[in-house]
Amino acid sequence: MKLNTLFLQIFLFFLITLDSVSSQTCFNGYFKPNSTYHLNRRRILSSLASNVSANNGFYSSAIGQNPDQIFIIGMCIPGTKPERCSDCIKGSSDGLLRSCPNQTVGYVWPDCCMVRYSNFSFSGSLIMEPSQPVSNPVPIGVDLTLFDRIWDELMSRTITAASRSHGSSSFGHKYYAAEVASLTLFQTIYAMVQCTPDVSSGDCEFCLKKTVLDYKKCCRGHIGGAFVRPFCFIRWDLYPFAGAFDNITLPSPPPPLSSTPPVSN
């Protein structure tokens, strides 16, 4: 019975988290239905999935002239299979069209892709809000001192890896990392962070560190969670997600505590 209850909690959290992380954020001004901006937005979003797929998982563009110009970015995490990337971008684009019917700015950051559009150029801009935290309020169920130490070290390591521009990576994938850490003998923490590639390394690091701090203020000790901003994103869970950990070797579990005192010489 306890096992079934635990499975139900994990299963429900899986559904709630993905649905919440994928929710669209709409803000700023408004445009009139059937206006030139409206048509430009529909045009660029409807072709975004094919453009991202044709450009190795990253695409940035703009169409139209002021005041009806629209800027857009779409990207998938490195290693995402083309079909999954295309489906994620298309679903995100369609979601923005439905959920932001007449807002001039919007973004969505599901688990393996990101789409953002705006009526002004946001390349290199440090727009931190609006942001959205997501977590499951069920307690993590381990000693918080132990959890904080392991989680903080994991997030610090992941942010450092992501915010250092990788010379071997393409432009669209230069600020990304996925890492793991053992929590208990049977639990592993999976963490993923990413920034859009148009910001500097320092700005990426600042955004991710600020996001981690804000997440801890609202959601410390919860089972899994995420925090999204217009140009950076963090997510962690006790199970692998987004296909981000397929090629990552799991860490060795911590050694069990010994009940036998060491033999003295």
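Before I turn to the sheet, one term has to be settled: two strands count as paired if DSSP finds at least two bridges between them. With that in hand, let me say that what we have in front of us is a predicted model, in which the mean pLDDT of the protein chain is 86 and 84% of the residues reach 70 or more. The part to treat with reserve is the stretch of residues 1-20, where the pLDDT is below 50, and which has 15 contacts in the model beyond near neighbours in sequence.

Let me begin with the sheet. Five strands make up an open sheet, and going across it their order is 6-9-10-8-7, with antiparallel pairing. At the edges stand strand 6, residues 132-135, and strand 7, residues 176-182, each of which pairs on one side only. From one strand to the next, the twist averages 10°. If we look inside the sheet, strand 8, which covers residues 188-195, runs antiparallel to strand 10, residues 232-237, and six bridges join the two. To give you one position to look for there, Y190 stands opposite D237 of strand 10.

Now, which helix packs on the sheet and touches strand 6, strand 8, strand 9 and strand 10? That is helix 6, and its direction makes about 45° with that of strand 10. Helix 5, for its part, lies across strand 7, strand 8 and strand 10, and runs at about 155° to strand 7.

These two helices bring me to the charged side chains. The model holds eleven salt bridges in total, and I will take you through a few of them. In one, K216 pairs with D152, with the closest N and O atoms 3.0 Å apart. This pair links distant parts of the chain, since K216 belongs to helix 6, residues 201-219, and D152 to helix 5, residues 144-163, with their positions 64 residues apart. Are the two partners buried or exposed? Neither word fits, because K216 has a relative accessible area of 25%, which makes K216 partly exposed, and D152, at 31%, is also counted as partly exposed.

Staying in helix 6, we find a salt bridge between the side chains of K210 and D214, again with a distance of 3.0 Å from N to O. Why are these two residues placed about one helical turn apart? They are separated by about one turn because they lie four residues apart in helix 6. Here the two partners differ in accessibility: K210 is partly exposed at 32%, whereas D214 is buried, with a relative accessible area of 14%.

D214 also forms a salt bridge with K217, and in this case the closest N and O atoms are 3.9 Å apart. K217 and D214 are three residues apart in helix 6, so about one helical turn separates this pair as well. K217, at 70% relative accessibility, counts as exposed, so in this salt bridge an exposed lysine meets a buried aspartate. Taking a wider view, K210, D214 and K217 belong to a network of salt bridges that also includes E129 and R229.

Finally, let me point to a residue elsewhere in the chain. H38 is found in helix 2, which spans residues 36-46, and H38 counts as buried at 14% relative accessibility. Which residues does H38 contact, once its neighbours within four places in sequence are left aside? They are F31, K32 and P33.

Terms used: Residues numbered from 1 in each chain as written. Predicted model: local features only at pLDDT ≥ 70, side-chain atom pairs only at ≥ 80, totals over all residues. Heavy atoms only, no water. pLDDT = per-residue confidence, 0-100. Contact = heavy atoms within 4.5 Å. Salt bridge = Lys/Arg side-chain N within 4 Å of Asp/Glu carboxyl O. Buried < 20%, exposed > 50% of the residue type's maximum accessible area, 1.4 Å probe, protein only. Axes fitted to C-alpha atoms, helices over the stretch in contact; angles between N-to-C directions.
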